[in-house]
Amino acid sequence: MSRPGHAWSRPRAGREEEEEREEGEDPLDARIARTGCLERHRELQECMERHRDWRRCQEQLRAFRACMERREYRE
């Protein structure tokens, strides 16, 4: 099982994960969740876990960046 917080491996959302989140969510994940870009961030993390090379995750990286930029533009 993956470590909680900002790690390469992320379990799928479920009851156990929600309980862990209530107990003590990683501050970075909490900040990203408030932006509305958490799903894009998790897709990027999953890609990095699979490939261990950020160059092979450019599509996910661009999608996450675009989401974050849209968020900044709205504020």
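This is a short tour of a predicted model, going from an annotated domain to the helices that pack within and beside it.

**Stop 1: the annotated stretch.** Start by selecting residues 37–70, where UniProt, in an unreviewed entry, places the feature "domain: CHCH". With that selection coloured, you will see a chain that is 79% helix and 0% strand. Now pick the C-alpha atoms at the two ends of the stretch: they lie 10 Å apart.

**Stop 2: H3 against H4.** Next, select helix H3, residues 38–51, together with helix H4, residues 58–74. Their axes are 9 Å apart and meet at an angle of about 160°. Angles over 145 degrees count as roughly antiparallel, and H3 and H4 are therefore roughly antiparallel to each other. The crossing of this pair is left-handed. To see what makes the contact, show the side chains of Arg 40, His 41, Glu 43, Leu 44, Cys 47 and Arg 50 on H3. From H4, add Gln 60, Leu 61, Ala 63, Phe 64 and Cys 67. Sorted by class, the contact of H3 with H4 comprises 6 nonpolar, 2 polar and 3 charged residues.

**Stop 3: a salt bridge on H3.** Stay with H3 and zoom in on Arg 40 and Glu 43, which form a salt bridge. The closest N and O atoms of Arg 40 and Glu 43 are 3.3 Å apart. Why are these two residues about one helical turn apart? Because they sit 3 residues apart in helix H3. The count for the model comes to 3 salt bridges.

**Stop 4: H2 against H4.** Finally, bring in helix H2, residues 27–35, which packs with H4 at an angle of about 65°, the axes being 10 Å apart. That angle makes H2 roughly perpendicular to H4. On the H2 side, select Ile 32, Arg 34 and Thr 35; on the H4 side, select Phe 64, Met 68, Arg 71 and Arg 74. The contact of H2 with H4 has 3 nonpolar, 1 polar and 3 charged residues. Keep Phe 64 highlighted as you finish: this H4 residue takes part in the contact with H3 and also in the contact with H2.

Key:
Residues numbered from 1 in each chain as written. Predicted model: local features only at pLDDT ≥ 70, side-chain atom pairs only at ≥ 80, totals over all residues. Heavy atoms only, no water. UniProt positions renumbered as here; feature names shortened; annotations may be inferred. Helix = DSSP H or I, 4+ residues; strand = E, 2+ residues; numbered from the N terminus. Axes fitted to C-alpha atoms, helices over the stretch in contact; angles between N-to-C directions. Parallel < 35°, antiparallel > 145°, perpendicular 65-115°, else oblique. Left-handed = near helix turned anticlockwise from the far one by under 90°. Contact = heavy atoms within 4.5 Å. Nonpolar A, V, L, I, M, F, W, Y, C, P; charged D, E, K, R; others polar. Salt bridge = Lys/Arg side-chain N within 4 Å of Asp/Glu carboxyl O.
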